Amino acid sequence: MALLHGILLFTILNIVSSRSILTGDPIFGQPEQIHISYGRDPTLMIVTWVTLNQINESVVEYGQYDMFDLRATGNVSIFQDSGSEKRREYIHRVVLNNLKPGQRYFYHCGSDDFGWSPLFWFTAMRNDSDFVVRTAVYGDMGRDNAQSLPRLQEETQSGHFDLILHVGDMAYNMDIDNARVGDDYMNAIESIAAYIPYMTCPGNHEYAYNFSQYVAKFSMPSSIGTYGGDSNHFYSFNVGPAHIIGFSTEFYYYTEFGFDQIVNQYQWLEQDLKEANTPKNRAQQPWIITMGHKPMYCTNSDDTDCINDGGYTIIRTGLPFIEAYGLENLFAQYGVDLEFWAHEHSYERLWPVYNGTVYNGTKGAYIDPDAPVHITTGSAGCDERHDPFGIRRPWSAFRNNDYGYTRMNIYNASHIYLEQVSDDQHGKVVDDMWLIKSKHGPYSYFE
């Protein structure tokens, strides 16, 4: 009997393993790579996911108190990767409307025909500016050697963060193996990104096929009224007392895709900063925070731009020979308070700096400083490992080469607290600072 049972089991397993799986099978309709992102309005949340065959419906069922009493439908678009296999995936986007600010919602996504995702939850953004915004900030996290991911997963699901800012370079690279590396990465971060908004900007490791994977997979608040396209590269949103801007440094370096995007982004940034600086808007969101991938300033010893120029000068001053569309003057002119960067696989905190000169505050380095504060946080973990440091420059305040990420708490209109977590040292805080400002706006050299 035991022998017969063994033969039967072997036969069943052999049939299952030898059967070719068709693209219409339900398993290929299961949602994967699920992540959420903010819209421009606190009552909105965007849910994005992928399936491996076409499904007519893109549905999110959601509600409070574990009830699916609400239902939203969206759209599905076909994404064809440009690799040798020309793989097709189906990108689903659903915008949840009329959310109650500050309320927790439970949700799953999928369809009645092909099945549903696991149960997830999120908290809708509050619609006032009087609450503490808790954020994790990092760049350069790959599929392999994503050392900070387990700690980020635990802290996210324990309720420590309201959102994530990923400052470029993900998966390493999303296009490799006909985009399967990107799929693996997006599934890995689902344990974070399906619970709290995962806000991104592109890095150099997203450049393949004109950033097509990045544009297809991420849904950022739109600057032009649609989801996808340029809105993934540059956009802004308000959360609590902060106006946060994501933009692309890569437009300046991958000019084979054209120069128009540099001009378009610069003009959009200028207009967005003007609007953010109107008295009404600056009173409601006094902090202006930016994130872009390649840093204006850096001191790493394995990077030619850091060694020779102390950073990526094209970002600071603009295009060579004409010195147009540089961002350092623009950001200082409109009083940007804090600038996050990555690209270097390390952590570096700068003194307040403008045009290579330190402008400390009157009662301490970060108390009413007369220049933006720069933080480079690109040590979340990837297969390229660490980037060592070279000679320290006068504007460099602190450097650390552990794997880790940054925590930022925006407490109110005057106080931001930042700390760097070392994963190598089991979550130890290896650097911290308070940024304190009694007023916000253009710096003295622009008044």
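**View A. Gln-33, a buried residue in a strand of this predicted model.** Gln-33 has a relative accessibility of 0%, so it counts as buried, the cut-off being under 20%. Look for Gln-33 in strand β1, which covers residues 32-38. Its backbone deserves a second glance: Gln-33 is not a glycine, yet its phi is positive, at about 55°. Most residues other than glycine have a negative phi.

**View B. Ala-171 and the cis peptide bond between Tyr-172 and Asn-173.** Start with Ala-171, which sits in strand β13. Is Ala-171 buried or exposed? Its relative accessibility is 2%, so Ala-171 counts as buried. Ala-171 also has a positive phi, about 75°, although it is not a glycine. Now move along to Tyr-172 and Asn-173, which are joined by a cis peptide bond with an omega of about 0°. Most peptide bonds are trans. Asn-173 itself belongs to the loop between β13 (170-171) and α3.

**View C. Helix α2 and its two faces.** Which residues of α2 are buried? They are Leu-149, Leu-152, Glu-155 and Thr-156. If you imagine looking down the axis of α2, these buried residues fall within an arc of 130°, so they line one face of the helix. On the face turned away from that buried side you will find the exposed residues Pro-150 and Glu-154. The cover over the buried residues of α2 includes β10 (133-138), β11 (141-142), α3 (176-188), α4 (190-193) and β24 (404-410). Just after α2 comes Gly-159, with a positive phi of about 85°.

**View D. The two domains of the chain.** The protein chain is divided into domain 1, residues 32-123, and domain 2, residues 128-446. In the contact, 31 residues come from domain 1 and 32 residues from domain 2. The centres of the two domains, taken over C-alpha atoms, are 26 Å apart.

**View E. The largest pocket, between domain 1 and domain 2.** Why does the pocket lie between the domains? Both domain 1 and domain 2 give residues to its lining, so the largest pocket lies between them. Its volume is about 400 Å³. Of the 22 residues that line the largest pocket, Thr-123, Arg-134, Phe-161, Asp-162 and Ile-196 lie nearest its centre. Two elements, β9 (120-123) and α2 (149-157), each give two or more residues to the lining. The largest share, 3 residues, comes from β9. Sorted by class, the lining has 12 nonpolar, 6 polar and 4 charged residues.

Conventions
Residues are numbered from 1 along each chain as its sequence is written. This is a predicted model: local features need pLDDT of at least 70, side-chain atom pairs count only at pLDDT 80 or more; totals for chains, interfaces and linings use all residues. Side-chain values use heavy atoms; hydrogens and water are left out. On a 1 Å grid over the protein atoms alone, a cavity is a set of points where a 1.4 Å probe fits but cannot get out, and a pocket is an open set with protein on both sides within 12 Å along at least five of seven lines; lining residues have an atom within 4 Å of a point. Grid points are joined across faces, edges and corners, and a volume is the space filled by probe spheres set on the points. Helices (H or I, at least four residues) and strands (E, at least two) are DSSP runs, numbered from the N terminus. Ala, Val, Leu, Ile, Met, Phe, Trp, Tyr, Cys and Pro count as nonpolar, Asp, Glu, Lys and Arg as charged, and the others, Gly among them, as polar. Domain bounds come from an automatic or database domain assignment. Buried means under 20% relative accessible area, exposed over 50%, partly exposed in between (1.4 Å probe, protein chains only). The arc is that of the directions from the helix axis to the C-beta atoms. Contact means heavy atoms within 4.5 Å.
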